[in-house]
Amino acid sequence: MSTETPGRRTRFGRPFRSTTRSKAVAGLTALLLPLAAMVGLASPAEAATSATATYVKKSDWGTGFEGQWTVKNTGTTALSSWTVEWDFPSGTKVTSAWDATVTNSGDHWTAKNLGWNGSLAAGASISFGFNGSGTGSPAGCKLNGASCDGGSVPGDSAPSAPGTPTASAVTDTSAKISWTAATDNNGVKNYDVLRDGAKVATVTTLTYTDTGLTAGTDYSYTVQARDTADQTGPVSAAVKVRTTGGGTTNPNPGSKINLGYFTEWGVYGRNYHVKNLVTSGSAEKITHINYAFGNVSGGKCTIGDAYADYDKAYTADQSVDGVADTWDQPLRGNFNQLRKLKAKYPHIKVLWSFGGWTWSGGFGQAAQNPAAFAQSCYDLVEDPRWADVFDGIDIDWEYPNACGLTCDTSGPAALKNLASALRTKFGTSNLVTAAITADGSAGGKIDAADYAGASQYMNWYNVMTYDFFGAWAAKGPTAPHSPLTSYSGIPQAGFTSADAIAKLKAQGVPAAKLLLGIGFYGRGWTGVTQSAPGGTATGAAAGTYEAGIEDYKVLKTSCPVTGTIAGTAYAHCGTNWWSYDTPATIATKMAWAKNQGLGGAFFWEFSGDTANGELVKAMGNNL
């Protein structure tokens, strides 16, 4: 199995999804499901009658105390794992723990078994302890999701989901949330109110006023019921709320769009996570993220990688806010991390991108019924579990009425029809965008579709002004893969950023709806003796994940720049020849984009940058 999940890029395209990796993820997901079932052990009622958890304060020294929980298997079969949850009053907390992994979300505390003490035979017990501060005692104890005292009876079902909340009395700093009651066979005790997935209050009424909010900020609220046996039911659908006042919190107000692609598969071999946007400083410089990719199958938008998208559990050190995921929280994975990122950086908007090089084959069927396609995309993007995460949709069709991995014959109007249906369904409050070809040659891909007609329904186009040349032409000639302008000896006329932008503008696409594309990687050949572009080669240069391609963060030191041509850099080291963009060439390209009146720029993709985000910063600082 390859260590690189994307596979390869090709001209005017971006990485496809390796079928080997997809099968491996499917297998991993299949393995994870039984593990999740083991954590749950049984239905909450069954678990409650077969195990108990009791608490005792072992000692108290005034400024702190030692507490101990004891989990006992009171059933007739072995338990394979245990999780104890409880609430401390404000001001009381765990400061250190042993024989369990203890985490918290506010005043709600969770303890999970370690690898060696999760299994409990019938009648056996295990204790874990902790040091704490404060004077409070635990309340609302749950063991594997059920009451810690084992007092619930078989057949006691969990409550239903409350009705979808509504918002009223929204001000700069507060909002009133209301909902209809949940049902339960033994009665509902109270409700947890969750803001952006984290509990902010527990109430016995059907309303809650949340205060201390930030003006001009988006929030998402859901509600979860708890019955008299302390069983919690499913989370309600979400209501989105935007507080009044405020305005943009972008640290560069009035700046142009600086959009980056985040790949779902990057969390595997590349070990690149949403938190890296924070640690690199990139989050402060970007305005938008395209999350890549959702699939297009059967004429519909579908999930790309369920495990990476919303199931992968993040530890505290991997998480954007330093809080670990719990086994029973309603949303995990990249989606939850993006939610946390947006809470930390409210100026960032996130779009879900569908298609890409491998998954563009489904657009032909989608074009046969644009309204049905748009409905399927809306239902997925606006799923209540993650509706607050996304601010719109991006379609990456490679290519309408032209050839990519496969050849499309939908006709010149197909993209326009699809764009119109998406705008009708998503409305004016959501973003609708598309990644498009940069083939500016005569009779090329730009000429094959009505990009001007479709642009009236789009907020902008991401013009893929990279991958013009590469080692798919094994013997060369060597040429920069992302030339800004033409130059003497360029292998193909029209294969430049300037040619593509000029053709789109001439066809009637507004300049402000065009974003210039930057690749955070290089393309290269081997067997090259000539330093200047135009040399011959024997094949693709070796790359970390795939021959002929390498991340900028590697190339900047492994093959430093030799010179520049057509607004981009090239490097000759040994017998290898590479072309890639640097902070200096990006500054040149951003100046050009502003001079052309473009709406900004975008890049593929975050993980190719350095750990301190020098390419993202070069884009942001020069836009």
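Modeller: A strand here is a DSSP run of E at least two residues long, and strands are numbered from the N terminus. With that in hand, F354 has its place in strand 20, residues 349-355. Keep in mind that this is a predicted model.

Biologist: Why is F354 called buried?

Modeller: Buried means under 20% relative accessible area. F354 comes out at 0%, so it counts as buried. There's also C377, which is 23 residues away from F354 in sequence and 9.0 Å away in space, C-alpha to C-alpha.

Biologist: What makes L341 a buried residue?

Modeller: The cut-off is again under 20%, and L341 has a relative accessible area of 0%, so the word buried applies. L341 sits in helix 5, residues 333-344.

Biologist: Which residues is L341 in contact with, leaving aside neighbours within four places in sequence?

Modeller: Contact means heavy atoms within 4.5 Å. By that test L341 touches V274, L277, V278, A283, I289, V320 and I348. As for V389, its C-alpha is 9.6 Å from that of L341, with the two positions 48 residues apart in sequence.

Biologist: Over to the helices. Why is helix 13 called roughly parallel to helix 14?

Modeller: Helix 13 (residues 583-595) and helix 14 (residues 614-622) pack at an angle of about 30 degrees, and their axes are 9 Å apart. Angles under 35 degrees count as roughly parallel, so helix 13 gets that label with respect to helix 14. The crossing of the pair is right-handed.

Biologist: Which residues meet there?

Modeller: From helix 13 come P583, I586, A587, M590 and K594, and from helix 14 come E614, L615, A618, M619 and N622. Sorted by class, this contact has 7 nonpolar, 1 polar and 2 charged residues.

Biologist: Now the open sheet of 3 strands: what is its order?

Modeller: The order is 10-11-14, and the pairing is antiparallel.

Biologist: What makes strand 10 and strand 14 edge strands?

Modeller: Strand 10 (166-168) and strand 14 (207-210) each pair on one side only. On average, neighbouring strands in this sheet are turned by 25 degrees against each other, direction ignored.

Biologist: How do you know that strand 10 and strand 11 pair?

Modeller: Two strands pair if DSSP finds at least two bridges between them. Strand 10 is joined to strand 11 (residues 175-178) by 3 bridges, so the two meet the rule for pairing. They run antiparallel. For S168, the bridge partner in strand 11 is K176.

Technical notes
Residues are numbered from 1 along each chain as its sequence is written. This is a predicted model: local features need pLDDT of at least 70, side-chain atom pairs count only at pLDDT 80 or more; totals for chains, interfaces and linings use all residues. Side-chain values use heavy atoms; hydrogens and water are left out. Axes are lines fitted to C-alpha atoms, for helices over the stretch in contact, and angles run from 0 to 180 degrees between N-to-C directions. Helices (H or I, at least four residues) and strands (E, at least two) are DSSP runs, numbered from the N terminus. Angles under 35 degrees count as roughly parallel, over 145 as roughly antiparallel, 65 to 115 as roughly perpendicular and the rest as oblique. A crossing is left-handed if the near helix is turned anticlockwise from the far one by less than a right angle, and right-handed if clockwise. Ala, Val, Leu, Ile, Met, Phe, Trp, Tyr, Cys and Pro count as nonpolar, Asp, Glu, Lys and Arg as charged, and the others, Gly among them, as polar. Buried means under 20% relative accessible area, exposed over 50%, partly exposed in between (1.4 Å probe, protein chains only).
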